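Visitor: I would like to learn how to read a structure of this kind, one feature at a time. Could you take me through it?

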Amino acid sequence: MAPQGSRAPLEFGGPLGAAALMLLLPATMFHLLLAARSGPARLLGLPPHLPAPEALWSPAALLLWLTWLGLQAALYLLPARKVWTCLRTRVGGGLRVGLSEEKGTLNPNQSPLCLQMAEGQELKDKSRLRYPINGFQALVLTALSVGLGVSAGLPLGMLTEMLLPLASVATLTAFIFSLLLYLKALMAPASALAPGGNSGNPIYDFFLGRELNPRIGSFDCKYFCELRPGLIGWVCWACWAGLSGTWASRRGGTDEQFLCRAGAHQPGSAGTGSRTSGSPSLAMWLVNGFQLLYVGDALWHEEAVLTTMDITHDGFGFMLAFGDLAWVPFTYSLQAQFLLYHPQPLELPMASVICLVNAVGYYIFRGANSQKNTFRKNPSDPRVAGLETIATATGRQLLVSGWWGMVRHPNYLGDLIMALAWSLPCGVSHLLPYFYLLYFTALLVHREARDEQQCLQKYGLAWREYCRRVPYRIVPYIY
Ligand SMILES: NC(=O)C1=CN([C@@H]2O[C@H](COP(=O)(O)OP(=O)(O)OC[C@H]3O[C@@H](n4cnc5c(N)ncnc54)[C@H](OP(=O)(O)O)[C@@H]3O)[C@@H](O)[C@H]2O)C=CC1
Ligand SMILES: CC(C)CCC[C@@H](C)[C@H]1CC=C2C3=C(CC[C@@]21C)[C@@]1(C)CC[C@H](O)C(C)(C)[C@@H]1CC3
């Protein structure tokens with residue numbers, strides 16, 4: 001039985017804050033879903049029409065959701081194809097090959113199927129967990145399965161109408177799953193518990209999560225949820241929203257009919273008029289392209305998630321279960337949802353500027369994340385060996401030049417610039433599509449403060465020296 005009452009300071013406003021977030025987060029998600037399909041599409045203020053209770057639930061949505069989770073779990077367990085692994089190792093550079101060959105797990109000449117694995121950070125008991133690396137393969141196979149399903153006549157056009165019940169089912173799943181995780185953690189050894197999330201207060205611990213890496217056999221629940229059902233679901237749904245225009249037109253429907261079916265045609269609707277071509281608009285192409293790049297990148301660099309705070313520090317509780325399974329797919333796709341009901345004109349010159357903004361954001365995000373990951377794996381790698389560092393008492397070093405000498409969280413800066421680029425195609429007539437940018441700024445500012453606290457604990461004086469030499473947190477000369 002695990003000991004109660006760790007001395008970690010309470011975060012998120014303690015039990016009261018946790019309870020409030022557990023109500024507020026699902027409420028916000030449903031508000032956004034309804035606002036996006038309403039005529040005025042207001043971020044602040046109630047949507048003009050609240051749905052009938054039966055619009056929030058359907059057995060078909062439950063079946064679809066369970067099938068989706070089952071498909072993703074099966075793809076998680078599937079070995080990586082040899083041809084695929086070779087391609088990844090060639091394109092991904094020598095680092096991954098080195099890592100895997102060292103562990104004796106990757107030999108592209110041996111068998112056509114191999115389960116490529118990566119090792120996580122060292123745990124309290126000095127052991128390291130192993131994680132499958134086949135996320136990008138899962139994305140491609142999912143896209144193929146969905147494509148096959150549609151061409152075989154699966155009524156995926158219903159997806160738009162099923163979004164509300166799907167969100168309900170995902171929220172319910174997150175609650176049930178978090179409860180099971182909480183109960184499972186009661187039997188976990190102390191060494192398996194997360195640094196936070198074990199305060200002894202059941203509400204707080206349920207929210208934050210007690211166990212660090214809950215597993216069923218070798219199936220890692222947190223790692224699976226962080227990158228698979230929600231992240232892949234997000235782009236599948238967003239792309240589907242993009243294609244829905246084509247679908248509406250191929251079925252001989254007008255925009256007006258489509259919007260009525262989808263529930264958006266209400267007094268004052270901005271959602272008629274400009275989407276008549278039957279193909280996704282330029283704005284929709286941009287949003288989908290940018291988000292597909294982001295998700296593809298996350299799955300391509302899958303093992304980098306093993307060093308994020310979510311995997312190394314946070315327990316698996318309601319916050320991450322709901323975040324991964326419901327919040328990400330249903331709110332991160334908000335721009336696509338908004339454009340589906342409120343098409344926006346976008347001229348080529350403006351589109352080019354937005355592409356440039358996204359490219360700059362991606363360049364900083366990827367550059368900073370790759371530089372740190374390369375450095376953490378092998379500080380003498382020629383790509384990072386020339387960078388200036390600060391030694392710490394733990395034996396680890398901190399980068400103080402390159403991306404990490406510009407601000408203390410250059411990867412957050414890149415991520416925020418991309419967030420702006422995802423909203424800009426939606427125009428400036430509504431605040432709603434900028435929700436992601438606003439939420440994400442708050443999330444990253446809070447996350448940065450949590451990370452600073454942890455780094456101060458870990459590195460003490462060396463961290464203070466780093467803060468002195470790199471005074472800005474996220475935005476140079478501003479914050
Ligand atoms: N789209 C979304 O919703 C979200 C996206 N993200 C993205 O996820 C990515 C990962 O974010 P996150 O896990 O929060 O944090 P980071 O990847 O920034 O990792 C922080 C850790 O990096 C190490 N570190 C910090 N400074 C230095 C330095 N100067 N030199 C070397 N190592 C350093 C420290 O760990 P150590 O020393 O132990 O290695 C620190 O704890 C980011 O790109 C972020 O934008 C995050 C949250 C949500
Ligand atoms: C809603 C709650 C208050 C907070 C929920 C937060 C979660 C939604 C996010 C916490 C960290 C995340 C990361 C990604 C997605 C969102 C969550 C789960 C990430 C997988 C997105 C893709 C990136 O490339 C990444 C670096 C792999 C991200 C890792 C962190």
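**Reading exposure, shells and core**

Guide: Let us begin with exposure in this predicted model. A residue is called partly exposed when its count of C-beta neighbours falls between the cut-offs for exposed, 12 or fewer, and buried, 20 or more; Arg396 has 15 such neighbours inside 10 Å and therefore counts as partly exposed. Arg396 is found in the loop between β7 (389-391) and β8 (397-399), and from C-alpha to C-alpha it is 27 Å from Gln116, with their positions 280 residues apart in sequence.

Visitor: How should I read the surroundings of a ligand, and which residues come closest to ligand 1?

Guide: One can ask who is in the shell, which elements supply them, and what classes they belong to. Ligand 1 is surrounded by 20 residues, of which Thr308, Leu399, Trp404, Asn411 and Asp415 are the closest. At least two residues of this shell come from each of α15 (348-377), β8, α16 (410-423) and α17 (435-459), and α17 gives the most, with five residues. Sorted by class, the shell around ligand 1 holds nine nonpolar, five polar and six charged residues.

Visitor: Which elements supply the shell around ligand 2?

Guide: The same three steps apply. Helices α8 (221-227), α11 (282-300) and α13 (318-331) each supply at least two residues of the shell around ligand 2, with α13 giving the most, five residues. There are 14 residues around ligand 2, and Ala298, Val305, Asp310, Gly323 and Trp327 come nearest; by class, this shell has eight nonpolar, two polar and four charged residues.

Visitor: Which residues touch the most other members of the largest nonpolar core?

Guide: For a core, one looks for the members with many partners and for the element that contributes to it. The largest nonpolar core has 110 residues, and Ala36, Ala167, Ala170, Val287, Ala321 and Ala326 touch the most other members. Helix α6 (residues 163-185) provides the largest share of this core, 11 residues. Taking Ala36 as an example, and leaving aside its neighbours within four places in sequence, its contacts are Ala41, Leu334, Gln337, Phe338, Tyr341 and Leu432.

Visitor: How much helix is there over residues 56-78?

Guide: An annotated stretch can be set beside the modelled backbone. The unreviewed UniProt entry lists "transmembrane region" for several stretches, including 56-78 and 136-156. In the model, residues 56-78 are 83% helix and 0% strand, with the end C-alpha atoms 34 Å apart, while residues 136-156 are 76% helix and 0% strand, with the end C-alpha atoms 23 Å apart.

Technical notes: Residues are numbered from 1 along each chain as its sequence is written. Chains are lettered from A and ligands numbered from 1 in the order in which they are written. This is a predicted model: local features need pLDDT of at least 70, side-chain atom pairs count only at pLDDT 80 or more; totals for chains, interfaces and linings use all residues. A residue is near a molecule or strand if its C-beta atom, placed from the backbone, lies within 6 Å of it. Helices (H or I, at least four residues) and strands (E, at least two) are DSSP runs, numbered from the N terminus. Ala, Val, Leu, Ile, Met, Phe, Trp, Tyr, Cys and Pro count as nonpolar, Asp, Glu, Lys and Arg as charged, and the others, Gly among them, as polar. A nonpolar core is a set of buried Ala, Val, Leu, Ile, Met, Phe, Trp, Tyr and Cys residues joined through C-beta atoms within 7 Å. Two residues are in contact if their C-beta atoms, placed from the backbone, lie within 7 Å. UniProt positions are given in the numbering used here, feature names are shortened, and annotations may be inferred rather than shown by experiment.
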